Amino acid sequence: MNDIQYGVEVHQPGAHLFRVQLRVAHPAASGQIFSMPAWIPGSYMIRDFARHIVDLRAHCRGNPVALQKLDKQRWHAPPVDGPLSLEYEVYAWDLSVRAAHLDSTHGFFNGSSLLLAVEGGEQLPQRLRIARPAQAVCDGWQVATAMRAQEVDADGFGDYSAADYSELIDHPVEMGRFERHHFTACGVPHELVLTGSFRSDGARICRDLTRICEWHIRFFGEPAPMERYVFLVMVVGDGYGGLEHRASTSLLVARDSLPAPGDSSVSDAYLGFLGLCSHEYFHTWNVKRIKPAAFIPERLDREVHTELLWAFEGITSYYDDLALVRCGLISEQRYLKLLGRTATRVQRGAGRLKQSVAESSFDAWTKFYKQGENAPNAIVSYYTKGALVALALDLTIRRDSDGEHSLDDVMRALWERHGRTGEGIAERGVQALAAQVTGLDLGDFFASAVHGTAELPLESLLADFGIALGWRAATSQEDRGGGGELDSTPPLWLGVRLQAADGCARISHVFDDGPAQRAGLSAGDLLLAADGLRTTPQNLAALLRRYAAGDRLALHVFRRDELMAFVVELQRAPRDTCVLTALPEEVELRRDWLGDGTAGADSRGEASA
Ligand SMILES: [Zn+2]
């Protein structure tokens, strides 16, 4: 009999309730404490999953046991003579990759949303029984998860096991009538599980994922650190998200991002899907096994601060798209377009000049994950700027070592010394290891790019790789950059981002030092009229084409329920949109950078170090 045994069943799909049983064979003699995680690894925000627990009760040998609530997420059971059993329901109606979701079409859960930890027993083996739903509406359901099956039926219902609590909650579970595909990458079995309403070409996705997964495995060096891997994909009309786990990932993607049957092209939307898969897969090494020392041991009861998220999310964001060109799925030109879009996103927020990526990492909990209307002016993303820092670091190492070293070598050294060993990285450990592996003095680089807010020297770095970086103004709100004409005259600009609302346009963001901010307009204002004419997000651009820089434009807005008038002095839009162009000459540095890049894992001997 296992010491800690969980059972999960579909209780009431219509009410979105899972039922959970927890049996502790040998509860602590002084009384047993149970706790629910406050956050889920990979998503750095306090979510207080305990708030969805409904009707928690305990018993021992058939007699009720009174539980005492200790705080927002912990309960105490008094000493009992025998096994202690808990039973409770969990409300699951969060259609995201971070929590749990249940209705008549499917069930999904992360253990961190459903399974109370047995304090003191976190290091013990844990068992989970997933019961076949009795409800007729759940006929034909199956189970998909990367958790180790002990004794399950043909559909996957039955007993699973994990070495400890941390592993138990790191294998999300999907139940339903999904589409399941199998493929192998470097000998490792992979599953692609697609849930939702869609028409696509699963075999084609598997072919593309095989190339991506094999590239990643060879990049870090075979054998892969996981015995098998599962992509759990929830397909919806509109959505985007992913969360990494040690042997799986859960993704939420838009229907249109999957390739139509018979379509062999790579649309921008499908490229976004492949980039997301590549991103989460790279995390299998970078953050699931190479971790900050601050994350060891795992503390899920409160915020855990580290300045290193730029290295885990930024470097991963750099390699997610780079892997696509290196494994041959997209062209060099297509890759430069993606890179140009990343540079554009960073450039459009003045927050990059106020917050470093190290600070952004540290404050992820209260700033990056709680972005308000002022976010572009105040903070920088450790994902997007982190990706550019990784790019700049890679190019700097390649240039200054005459092509001898690269960020690839640093990643492989991180894997050997911190991934395989499980030894966490100190806060300045990435910098120290990068200097050690490359023999370069990277002190100024890290001071400026990671801990400072100066602009990254991308233009001069890329020039050495035969790539011209230019800036132009955005042509519309939808213009994400990456291509386009450099020498066109910038259009006129208000310095706001707009959303369609109530047949008008609502200001969602006001950018620092723009015309709207100087005139006194605010986020939330409902834009009614410009020079006496009704405005929408669509017709505003057309209207502005009839004015010149320096002209004054009268705007009427509702702020709350009050009509207000402002006069804006128009100016030309800033050149904040990046265009990258590969020069026609063959450049050796560029060829090495965008080439396959996995050969080094074997030739440099790091794998045997
Ligand atoms: Zn990530």
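## The zinc site

The zinc ion is coordinated by H279 through NE2, H283 through NE2 and E313 through OE, at 2.0 Å. The model is predicted. Along the chain, the zinc donors follow the spacing H-x3-H-x29-E. The pair H279 and E313 links distant parts of the chain, 34 residues apart. H279 sits in helix α4, residues 268-283. E313 sits in helix α5, residues 309-326.

Are H279 and E313 buried or exposed? H279 has a relative accessible area of 7%. That value is under 20%, so H279 counts as buried. E313 has a relative accessible area of 1%, and E313 is buried too.

## Helix α5 against helix α6

Two packed helices are described by the angle between their axes and the distance between the axes. Helix α5, which carries the zinc donor E313, packs with helix α6, residues 332-347. The angle is about 165° and the axes are 9 Å apart. An angle over 145 degrees counts as roughly antiparallel, and α5 and α6 are therefore roughly antiparallel to each other. Their crossing is right-handed.

Which residues meet between the two helices? From α5 come Y318, D321, L322 and V325. From α6 come E332, Y335 and L338.

## H509 in strand β25

H509 is another histidine to look at. H509 lies in strand β25, residues 504-510. With a relative accessible area of 17%, H509 is buried.

The side chain of H509 makes a polar contact with the side chain of S508, at 2.9 Å. Leaving aside residues up to four places away in sequence, H509 touches G372, E373, P376, G495, V496, R497 and A523.

## Q126 and its backbone partners

Q126 is found in strand β12, residues 126-130. Its relative accessible area is 2%, so Q126 counts as buried.

What does the side chain of Q126 reach? One partner is the backbone oxygen of G121, at 3.0 Å. Another is the backbone oxygen of L124, at 2.8 Å.

## Contacts across the sequence: P27 and F445

P27 is in the loop between β2 (17-24) and β3. At 17% relative accessibility, P27 counts as buried. P27 and A77 are 50 residues apart in sequence, yet 9.0 Å apart in space, C-alpha to C-alpha. Not counting residues up to four places away in sequence, P27 touches Q32, V80, G82, P83 and L84.

F445 lies in helix α12, residues 443-450. F445 is buried, with a relative accessible area of 13%. F445 and A392 are 53 residues apart in sequence and 9.0 Å apart in space, C-alpha to C-alpha. A392 is also among the residues that F445 touches. The others listed, beyond four places away in sequence, are V389, L393, T396 and V450.

## Backbone exceptions

Most residues other than glycine have a negative phi, and most peptide bonds are trans. Some sites in this model depart from that pattern. A cis peptide bond joins E222 and P223, with omega about 0°. P223 is found in the loop between α3 (202-220) and β19 (229-236). A cis peptide bond also joins I296 and P297, where omega is about -5°. P297 is in the loop between α4 and α5. Those helices hold the zinc donors H279 and E313, respectively.

Where do positive phi values fall? D48 is in the loop between β3 (32-35) and β4 (53-60). Its phi is positive, about 50°, although D48 is not a glycine. D48 has 24% relative accessibility, so D48 counts as partly exposed. R560 is in the loop between β28 (552-559) and β29 (562-569). Phi of R560 is near 55°, a positive value in a residue other than glycine. R560 is exposed, with a relative accessible area of 64%.

Terms used: Residues are numbered from 1 along each chain as its sequence is written. This is a predicted model: local features need pLDDT of at least 70, side-chain atom pairs count only at pLDDT 80 or more; totals for chains, interfaces and linings use all residues. Side-chain values use heavy atoms; hydrogens and water are left out. Donors are N, O and S atoms within 2.8 Å of the metal (3.2 Å for Na, K and Ca); water is not among the atoms, so sites may look incomplete. Helices (H or I, at least four residues) and strands (E, at least two) are DSSP runs, numbered from the N terminus. Buried means under 20% relative accessible area, exposed over 50%, partly exposed in between (1.4 Å probe, protein chains only). A polar contact is a pair of N or O atoms within 3.5 Å; within protein, one must be able to donate a hydrogen and the other to accept it, and residues adjacent in sequence count only if both atoms are side-chain atoms. Contact means heavy atoms within 4.5 Å. Axes are lines fitted to C-alpha atoms, for helices over the stretch in contact, and angles run from 0 to 180 degrees between N-to-C directions. Angles under 35 degrees count as roughly parallel, over 145 as roughly antiparallel, 65 to 115 as roughly perpendicular and the rest as oblique. A crossing is left-handed if the near helix is turned anticlockwise from the far one by less than a right angle, and right-handed if clockwise.
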